[in-house]
Amino acid sequence: VTVISSNFISLQLIITMAITIHLIVRYRELASKNPEAEQRALVLDTVRFMGKPCLYAALTTIAGFGSLLLGDILPVITFGWMMCAGISLSLVMTFLLFPSVLMLMDRETPPVRKDARFSLTPFLAGFTETHGLMIRVTCGIAFILSAVGITRLTVENSFIDYFKHTTEIYQGMKVIDQNLIIDFDKDEASEPVAAYETGQNNNDVFDEFDEFDTAADKDKYWFTSHRMARIMKINDYLDSLPETGKVLSLGTMMKIAEKLNNGKPLDNFQLALLYSEIPEKYKRMVLTPYVSIKNDQVRFSVRVRDSEKTLNRDKLLKKIRQDLVGNFGLKTEQVHLSGMLVLYNNMLQSLFRSQILTLGVVILALMGMFMILFKSLKIACIAIVPNLLSIGVVLGLMGWLNIPLDMMTITIAAISVGIAVDDTIHYIHRFKSEMTMDPNYVGAMHRSHGSIGHAMYYTSVTIIIGFSILVLSNFIPSIYFGLLTGLAMFIALMASLTLLPQLLILIKPFGPGAQGNSEGI
């Protein structure tokens with residue numbers, strides 16, 4: 001179980017409930033229209049009518065989660081496989097168990113629906129009919145603002161900020177990060193990153209000490225005053241960076257040696273003598289971690305303050321590399337940055353590539369499925385618009401609010417579009433069915449809002465409430481994940497009940513249709 005896969009159970013429960021609610025709403029609608037029909041006929045008609053849209057809705061959701069497989073982060077890939085398998089199982093089990101259990105129950109007369117004048121779906125139907133231009137302009141502005149916000153997205157984040165300030169985890173990490181005394185002279189600490197300075201035999205950046213250059217004494221006379229001076233300068237430079245805390249290197253040991261030498265630098269003879277007199281046991285403790293004489297390598301171990309508000313890992317690593325090359329006369333191939341900080345930074349930077357690749361694959365997959373389902377490029381283009389709006393607004397809002405991408409929020413786009421597209425499929429499928437009975441676009445919209453619109457409303461509310469539970473978490477990415485995914489579901493619902501029917505009425509993909517009231521469209 002990882003931070004990401006821990007959401008698997010709640011997600012599968014929500015998706016399964018959404019499929020079941022669509023079946024329930026359709027069954028009650030048929031039972032209300034056909035009061036004399038037998039239970040078997042009602043169940044059969046329900047499954048038969050909802051089978052196709054539910055299948056394609058599940059396939060599009062699988063496509064959304066399947067796009068996570070294209071990333072470079074293993075927990076995200078594993079989560080994608082889990083959700084693909086889970087959704088497949090949910091679809092099969094729902095269509096097996098729901099009708100089977102329903103057949104064991106006696107048919108009941110559905111309650112008489114009360115006046116729905118205050119219901120959301122009829123209100124949105126009337127609003128869409130009379131305010132079509134306003135809907136299109138508002139959505140256009142939302143697209144533009146979202147595009148600008150997406151350009152502001154960042155991936156830089158501090159691990160300590162993943163937790164609320166009131167948690168013991170945050171408070172403990174902050175004490176270790178800022179107050180733990182491990183320096184000889186001052187009080188600093190944090191997360192490690194290693195910078196290596198390397199030379200290649202005769203092309204070493206350090207000057208060779210030729211006077212005593214024999215095979216037997218090479219190790220002893222590797223430590224020259226010129227080399228030690230350069231190492232101490234690099235050590236001081238790394239220590240001067242505001243993002244760094246404790247710096248350990250050969251330079252640290254040299255500062256101690258200088259203090260013992262009355263504050264004077266050690267010359268070549270003293271360095272060779274000091275190396276000869278240090279017992280082998282202590283050489284392994286104080287020298288081996290920071291110097292490899294055999295490979296002509298020196299290591300600088302740096303701790304970075306994770307709680308530093310100005311910390312930007314990528315900029316810091318680039319600055320260190322650039323300064324070592326530009327200010328200390330090193331070659332680019334002589335500087336190697338490694339350690340957990342570098343690995344973590346590489347993972348963060350890969351989130352951008354994963355996000356772009358994920359969205360691209362999801363959109364292409366959805367367009368292909370819409371083409372197969374509706375057999376029309378025009379309808380496929382109409383169907384993709386509300387889904388692009390939902391993920392665009394969420395990602396744009398993250399950019400405007402400076403909410404960074406992380407391993408949790410990177411999955412929001414794929415999950416949101418995968419679940420939100422269900423509303424689009426169900427609505428267009430029902431709209432098309434209504435058009436075959438009465439080819440009036442406005443009338444078909446009102447009837448679709450009064451039937452499948454209710455199921456879309458119930459499922460969306462269920463999903464939003466389900467994701468909202470995550471706000472109780474102490475883990476900040478989980479809170480963002482719950483709130484932003486719930487927001488995406490809400491926008492998808494509104495877009496499917498306003499923008500989508502507006503585009504259907506405006507473009508008329510099912511033919512010219514009969515003339516109806518089109519005021520404001």
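Isoleucine 505 is buried, with a relative accessible area of 4%. That value falls under the 20% cut-off, so the residue counts as buried. Keep in mind that this is a predicted model. Isoleucine 505 belongs to helix H18, which covers residues 499-507. Now look for tyrosine 441. Isoleucine 505 and tyrosine 441 are 64 residues apart along the chain, yet their C-alpha atoms are separated by 5.7 Å.

Move one step past that helix. Lysine 508 is found in the segment after H18. Its backbone is worth a look. Lysine 508 has a positive phi of about 55°, although it is not a glycine. Lysine 508 is partly exposed, because its relative accessible area is 34%.

Lysine 375 also has a positive phi of about 55°, and it is not a glycine either. Find lysine 375 in the loop between helix H12 (340-374) and H13. Is lysine 375 buried or exposed? Lysine 375 has a relative accessible area of 65%, so it counts as exposed.

From that loop, step into helix H13. Alanine 383 lies in this helix. At 0% relative accessibility, alanine 383 is buried. Which distance separates the C-alpha atoms of alanine 383 and threonine 424? The answer is 6.2 Å, although their positions lie 41 residues apart along the chain as a separation.

Stay in H13 and go on to leucine 397, which is found in the same helix as a named member of H13. Leucine 397 counts as partly exposed, because its relative accessibility is 30%. Leucine 397 also takes part in a nonpolar surface patch of about 830 Å². The other residues of the patch are Leu133, Val137, Ile141, Ile144, Leu145, Val148, Trp400 and Leu401. Two elements give two or more residues to the patch: helix H5 (132-150) and helix H13 (377-400). Which of them gives the largest share? H5 does, with six residues.Now turn to a pair of helices. H2 spans residues 39-66, and H14 spans residues 412-437. Their axes come within 8 Å and cross at roughly 155°. Angles over 145 degrees count as roughly antiparallel, so H2 and H14 are roughly antiparallel to each other. Their crossing is right-handed.

Next come the charges. Side chains of opposite charge can pair when their charged atoms come close. How many salt bridges does the model contain? The count comes to ten.

Start with one inside H2. Arginine 48 forms a salt bridge with aspartate 45, and their closest N and O atoms are 3.9 Å apart. The two residues are three apart in helix H2, so about one helical turn separates them. Arginine 48 is exposed, because its relative accessible area is 57%. Aspartate 45 has a relative accessible area of 34%, so it is partly exposed.

Some salt bridges share partners. Such bridges join Arg26, Glu29, Lys33, Arg430, Glu434, Asp438 and Arg447 into one network. Take two of its links in turn.

In one of these links, arginine 26 pairs with glutamate 29 in a salt bridge, with the closest N and O atoms 3.5 Å apart. Both residues lie in helix H1, which runs over residues 8-33. They are three residues apart, about one turn of the helix. Are these side chains buried or exposed? Arginine 26 is buried, because its relative accessibility is 12%. Glutamate 29 is buried too, with a relative accessible area of 10%.

Glutamate 29 has another partner. It forms a salt bridge with arginine 430, and here the closest N and O atoms are 2.4 Å apart. This pair links distant parts of the chain. Glutamate 29 sits in helix H1, arginine 430 sits in helix H14, and the two are 401 residues apart. Both glutamate 29 and arginine 430 are buried.

Look back at H14 for a moment. This helix crosses H2, and it also holds arginine 430, the partner of glutamate 29 in H1.

How values were computed. Residues are numbered from 1 along each chain as its sequence is written. This is a predicted model: local features need pLDDT of at least 70, side-chain atom pairs count only at pLDDT 80 or more; totals for chains, interfaces and linings use all residues. Side-chain values use heavy atoms; hydrogens and water are left out. Patches are made of residues with over 30% relative accessible area and no salt bridge: like charges are joined within 9 Å, nonpolar side chains (Val, Leu, Ile, Met, Phe, Trp, Tyr) within 5 Å. Accessible areas come from the Shrake-Rupley method with a 1.4 Å probe; for residues, only the protein chains shown count as cover. A salt bridge is a side-chain nitrogen of Lys or Arg within 4 Å of a carboxyl oxygen of Asp or Glu. Helices (H or I, at least four residues) and strands (E, at least two) are DSSP runs, numbered from the N terminus. Buried means under 20% relative accessible area, exposed over 50%, partly exposed in between (1.4 Å probe, protein chains only). Axes are lines fitted to C-alpha atoms, for helices over the stretch in contact, and angles run from 0 to 180 degrees between N-to-C directions. Angles under 35 degrees count as roughly parallel, over 145 as roughly antiparallel, 65 to 115 as roughly perpendicular and the rest as oblique. A crossing is left-handed if the near helix is turned anticlockwise from the far one by less than a right angle, and right-handed if clockwise.
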